[in-house]
Amino acid sequence: MTSLDSARGARSSKGRTRPFFWEEAVQDWQATRADGRRPEFSEYVARNLKALREGVGREAGTVASMRTVHRVLLVDGGPDRLPASYVAEHYALTLFGLHQHAASDPVHQAGIGLGTACLRLRRSESLTQASVERRLIAAATAQDLHELAQHLQRLMPFLRQAGIGMDYTRLFQELTGWDGPERNRVLRAWGLQYTDPGKPEGDRAGEEPAPYWAAFDPGSRDAAAELAALRSGTGREAGTVAAMWPFHRTRMASEWRDRGSLTRDLKAEHVALTLFARHQQTHAGRMHLPKASPGTAAGQLARKTAAGGEGKSAAASLERRFGVLLTSADFDELAAHLRSLVPLLNRAGVGLDYDLLHSALRVWDDPRRPDAASRLRQQWDRDFHRAATS
């Protein structure tokens with residue numbers, strides 16, 4: 001049984017196990033309202049909430065008052081080391097205790113992930129955008145579960161003060177998988193939830209958010225730091241680099257965001273962002289140049305190379321190199337060749353259309369568009385020779 005299976009096993013089912021304590025607390029609060037009384041927590045819940053706060057900063061399994069609140073069962077005669085799901089529940093319980101403390105309404109709200117909670121915190125203006133992002137990124141870059149819990153403990157009071165709840169059952173499952181292969185999916189879910197652009201309103205209804213490279217201001221005070229953050233994602237899995245989250249504009253269905261889905265759109269945007277950051281580095285002017293396809297940019301580079309000190313042999317070498325790029329069989333191979341081309345464009349000061357590049361990455365090996373790569377190869381080849389000889 002995997003750790004996530006253990007997590008799901010702790011949920012309520014017919015006669016087997018009880019709901020998690022945070023779920024019980026919500027049921028308890030709702031019961032008083034259903035009886036026509038002022039909604040409040042019972043003495044049982046209030047007493048256990050106090051026990052949870054006593055466990056903050058303590059090792060799992062060492063707080064006697066918390067033991068009756070755990071729903072992950074320990075098997076007699078099992079290994080000495082506590083299972084990951086039990087440790088994760090300990091942290092989820094203590095975080096819930098901090099979050100619920102002095103809050104009049106239940107803070108466990110099904111369907112609200114950590115990224116969504118932080119997005120709501122940012123929109124509440126209780127904290128500045130930079131402050132929210134700093135705290136979320138600190139949590140996302142935690143090296144282990146204990147460090148993650150410490151960062152989340154510092155976040156809970158701000159969520160409570162802003163009246164923002166969170167799904168603790170989901171958080172428990174995410175904590176359970178944090179030190180394993182599930183971490184990338186969890187990170188992607190948090191990032192996608194936080195960067196949800198929402199639906200444009202009024203005159204902007206139906207508009208797509210402008211990609212970062214189109215809105216980039218080379219003269220901005222933060223330009224260098226932003227580009228460095230984007231370069232840190234080179235070669236990394238899309239959506240897992242917390243420093244890049246503020247710069248994503250990808251739209252997708254909310255259920256895909258919640259799941260941390262690795263979509264073609266997200267992969268294409270991730271690679272385009274990292275390439276743009278490498279390309280823009282050290283340049284005062286914009287390197288995003290509309291209508292300059294990779295073929296056009298490579299052709300201009302070849303023409304510059306031939307006219308410069310490197311001569312025609314260097315230009316011919318570049319043409320062969322670009323020909324290899326055109327033979328890319330899939331997304332990953334195309335991205336690898338582009339990572340080799342972009343530094344050359346950077347040094348020569350040759351621009352590139354990142355909208356076109358993003359679209360090409362999106363469809364290059366899409367099985368629903370089997371002719372897309374062939375059409376792009378032909379177009380880029382024509383663009384190359386036109387730019388190289390003009």
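What percentage of the 390 residues in the protein is buried? Buried residues, meaning those under 20% relative accessible area with a 1.4 Å probe and protein chains only, where over 50% is exposed and in between is partly exposed, make up 47% of the 390. The model is predicted, so that local features need pLDDT of at least 70 and side-chain atom pairs count only at pLDDT 80 or more, whereas totals for chains, interfaces and linings use all residues. Residues are numbered from 1 along each chain as its sequence is written, and side-chain values use heavy atoms, with hydrogens and water left out.

**Overall build**
- The protein has 18 helices and zero strands, where helices (H or I, at least four residues) and strands (E, at least two) are DSSP runs numbered from the N terminus.
- Its C-alpha atoms fill a box of roughly 85 × 50 × 35 Å along the principal axes.
- Among contacts (heavy atoms within 4.5 Å) with a separation of 6 or more, 72% come from residues 24 or more positions apart.

**Surface and charge**
- About 19,100 Å² of the protein is exposed, with carbon and sulfur atoms supplying 49% of it, as computed by the Shrake-Rupley method with a 1.4 Å probe.
- There are 54 positive and 46 negative side chains, and the centres of the two sets lie 2 Å apart; Lys and Arg count as positive and Asp and Glu as negative, while His and the chain ends are not counted.

**Nonpolar cores**
- The largest nonpolar core, a set of buried Ala, Val, Leu, Ile, Met, Phe, Trp, Tyr and Cys residues joined through side-chain atoms within 4.5 Å, has 54 residues, of which F96, L148, L152, Y168, L175 and W190 touch the most other members.
- Helices that each supply at least two residues of this core include α2 (21-34), α4 (84-100) and α7 (145-161).
- Leaving aside residues up to four places away in sequence, L152 touches L95, L114, A139, L171 and L175.
- Another core, of 46 residues, lies apart from the largest one and has A268, L326, F331 and L352 among its members.

**Helix α2 and residue A46**
- Helix α2 has 14 residues and reaches 20 Å from its first C-alpha to its last, close to the 20 Å expected at 1.5 Å a residue, a span taken as 1.5 Å times one less than the number of residues.
- Buried residues of α2 include F21, W22, A25 and W29, and what covers the buried residues of this helix includes α3, α4 and α8.
- Just after α2, G36 takes a positive phi of about 85°.
- A46 lies in helix α3 and counts as partly exposed because its relative accessibility is 36%.
- The C-alpha atoms of A46 and A25, 21 residues apart along the chain, are separated by 9.0 Å.

Conventions: Charge placed at Lys NZ, Arg CZ, Asp CG, Glu CD.
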